[in-house]
Amino acid sequence: MLYERDRLYDILNEIKGAIGFSCSYQAEDIALLHLLKDHDNIEIFTLETLKHFHQSETFHNEIERFFNVKIIKYYPDQSEVKELETELGDYGMRESLEKRRLCCDIRKVRPLERALKNKSAWITGLRAAQSITRANLQLVEYDEKYRLLKINPIFDWSEKELYDYIAQNDLPLHPLYAEGFKSIGCEPCTRAVAEGEDIRSGRWWWENPEHKECGLHIKG
Ligand code: SF4
């Protein structure tokens, strides 16, 4: 899709400061790695929650090789994780929204704050059609919490357009997609979904749909 690359590069070329792209192994992120392949001034990073599926580590290495890029890992604070594990054990985040948000805060939100520090723009693979929490997404938004431009280059892609793009360009997919996963997250909070089910329904499946965000993409 030449148009997407053109509209994305037009925006990126206007940005003076540092640009970060948060890559979390989703199909959307793989399409973006391909769209961004000719732009060499972007820090590609991932949030290493220490709760990922073991397949994600292998996939991380695979896509680094495939796209010839380095994906920087941002880790949670070790002492905070230790305290969290004492409080929640392996699956305590499922016991309440409060506990789940605490875990996401320590393992994702705080590392993201570090990743976005001193950045002028943040590229994401969000799509409006993914869930009701993302329905009003725009191509470019101002993120008040992080005080930067948030760029969502494929915000208007349908699921079909996304997978067509991946197939047409012969791009790799995280192996869990072949096992019925439609979104890739942490092992305790992600499961496969049935055909026809909402693509985000495998994330925090015990919660109401309006709560299904990890705190990374909530407007502050
Ligand atoms: S998705 Fe689950 S395991 Fe991962 S940070 Fe959030 S609550 Fe913790």
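This section describes the cores, two helix pairs and selected loop residues of a predicted model.

The largest nonpolar core comprises 35 residues. Ala31, Leu32, Ala121 and Ile123 have the most contacts inside it. Several helices and strands each supply at least two residues of this core. The helices are helix 2 (27-35), helix 3 (54-67), helix 5 (97-116) and helix 6 (159-168). The strands are strand 1 (18-22), strand 2 (42-47), strand 4 (119-123) and strand 6 (148-151). Helix 2 gives the most, with six residues. Another core lies apart from the largest one and has seven residues. Leu84, Cys186, Cys189 and Trp204 are among them.

Ala121 illustrates the contacts in the largest core, where this residue ranks among those with the most. Leaving aside residues up to four places away in sequence, Ala121 touches Ile15 and Ile19. On the same basis, Ala121 also touches Leu148, Leu149 and Ile151.

Two helix pairs were examined. Two packed helices are described by the angle between their axes and the distance between the axes. For helix 2 and helix 6, the axes come within 10 Å and cross at roughly 50 degrees. These two helices are therefore oblique to each other. The crossing of helix 2 past helix 6 is left-handed. From helix 2, the residues at the contact are Ala27, Glu28, Ile30 and Ala31. They meet Leu162, Tyr163, Tyr165 and Ile166 in helix 6. By class, this contact has seven nonpolar residues, no polar residues and one charged residue. Ala31 thus appears in two settings: it is listed at the contact with helix 6, and it is listed among the residues with the most contacts inside the largest core.

The second pair is helix 4 (78-88) and helix 5 (97-116). Their axes are 10 Å apart, and the packing angle is about 160 degrees. Helix 4 and helix 5 are therefore roughly antiparallel to each other. Their crossing is left-handed. Glu80, Val81, Leu84 and Leu88 in helix 4 meet Lys99, Leu102, Cys103 and Ile106 in helix 5. The residues of this contact divide into six nonpolar, no polar and two charged. Leu84, at this contact, is also one of the residues of the seven-residue core.

Met93 is located in the loop between helix 4 and helix 5. Met93 counts as buried because 24 C-beta neighbours lie inside 10 Å. Residues up to four places away in sequence are again not counted in the contacts of Met93. Met93 then touches Leu88, Lys99, Arg100 and Cys103. Pro188 and Cys189 are touched by Met93 as well. Of these residues, Leu88, Lys99 and Cys103 also take part in the contact of helix 4 with helix 5. Met93 and Cys186 are 93 residues apart along the chain, and their C-alpha atoms are separated by 11 Å.

Backbone angles were considered last. Most residues other than glycine have a negative phi. Leu50 has a positive phi, near 70 degrees. Leu50 is found in the loop between strand 2 and helix 3. With 11 other C-beta atoms within 10 Å, Leu50 is exposed. Asn68 also has a positive phi, near 55 degrees. The loop that holds Asn68 runs between helix 3 and strand 3 (72-74). Asn68 counts as exposed, with 8 C-beta neighbours inside 10 Å.

Technical notes: Residues numbered from 1 in each chain as written. Predicted model: local features only at pLDDT ≥ 70, side-chain atom pairs only at ≥ 80, totals over all residues. Core = buried A, V, L, I, M, F, W, Y, C linked by C-beta atoms within 7 Å. Buried ≥ 20, exposed ≤ 12 C-beta atoms within 10 Å, placed from the backbone. Helix = DSSP H or I, 4+ residues; strand = E, 2+ residues; numbered from the N terminus. Contact = placed C-beta atoms within 7 Å. Axes fitted to C-alpha atoms, helices over the stretch in contact; angles between N-to-C directions. Parallel < 35°, antiparallel > 145°, perpendicular 65-115°, else oblique. Left-handed = near helix turned anticlockwise from the far one by under 90°. Nonpolar A, V, L, I, M, F, W, Y, C, P; charged D, E, K, R; others polar.
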